[in-house]
Amino acid sequence: MIHPSYVEMIERINEGQDQEEAPLVTSRYSVVLAAAKRARQLIDGAEPKVSATYPNGKEKKPLSIAVDELYSGKVKILPREEGEGSV
C-alpha cells in the first residue's frame, strides 16, 4: 500500500481552503504533476524542505522527498492564474 494515499494527499493539499473556493487539487493527475515538478526542482538543486534521509540513514529519492513535502504542507500548490497556459 502506498502511503500517503492519493485521497489523503488531495485532502491534505486542499485543507484550509474556503468553502466557496474551488479546491486546488481535484484529481490524482494533479497530485502526480505537482510531485513530479517538485522532484525535478530537487534534482536541479533546490533544497529539500523535509528530511532527505530515512530513519535508517538511507537517502530518499527526489520523488519521495517531493511527496513528503506536499503531504506535510512545506510546499504549496499555487492556483492557476486565468489565461496562464492558454494558447
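**Exercise 1.** In this predicted model, sort Asp 44 and its salt-bridge partner by exposure.

*Solution.* Start with Asp 44, which has a relative accessible area of 60%. Exposed means over 50%, so Asp 44 is exposed. Next, find the partner: the side chain of Asp 44 meets that of Arg 40 in a salt bridge, with 3.9 Å from N to O. Now check Arg 40, whose relative accessible area is 47%. The partly exposed class lies between 20% and 50%, so Arg 40 is partly exposed.

**Exercise 2.** Do the same for Glu 15 and the residue it forms a salt bridge with.

*Solution.* First, pick out the pair: Glu 15 bridges to Arg 12, and their closest N and O atoms are 4.0 Å apart. The cut-off is within 4 Å, and this pair counts as a salt bridge. Then take the accessibilities one by one. Glu 15 comes out at 56%, so Glu 15 counts as exposed. Arg 12 comes out at 32%, so Arg 12 counts as partly exposed.

**Exercise 3.** Work out which parts of the chain are linked by the salt bridge between Arg 38 and Glu 69, and say whether the two residues are buried or exposed.

*Solution.* Begin with the contact itself: the closest N and O atoms of Arg 38 and Glu 69 are 2.6 Å apart. Then place each residue. Arg 38 sits in helix α2 (residues 28–43), while Glu 69 belongs to helix α3 (residues 62–72). With these positions 31 residues apart in numbering, the pair links distant parts of the chain. Last, the exposure: both Arg 38 and Glu 69 are buried.

**Exercise 4.** How many salt bridges does a search of the whole structure find?

*Solution.* The search turns up four. Among them are the pairs Arg 40–Asp 44, Glu 15–Arg 12 and Arg 38–Glu 69.

Conventions
Residues are numbered from 1 along each chain as its sequence is written. This is a predicted model: local features need pLDDT of at least 70, side-chain atom pairs count only at pLDDT 80 or more; totals for chains, interfaces and linings use all residues. Side-chain values use heavy atoms; hydrogens and water are left out. Buried means under 20% relative accessible area, exposed over 50%, partly exposed in between (1.4 Å probe, protein chains only). Helices (H or I, at least four residues) and strands (E, at least two) are DSSP runs, numbered from the N terminus.
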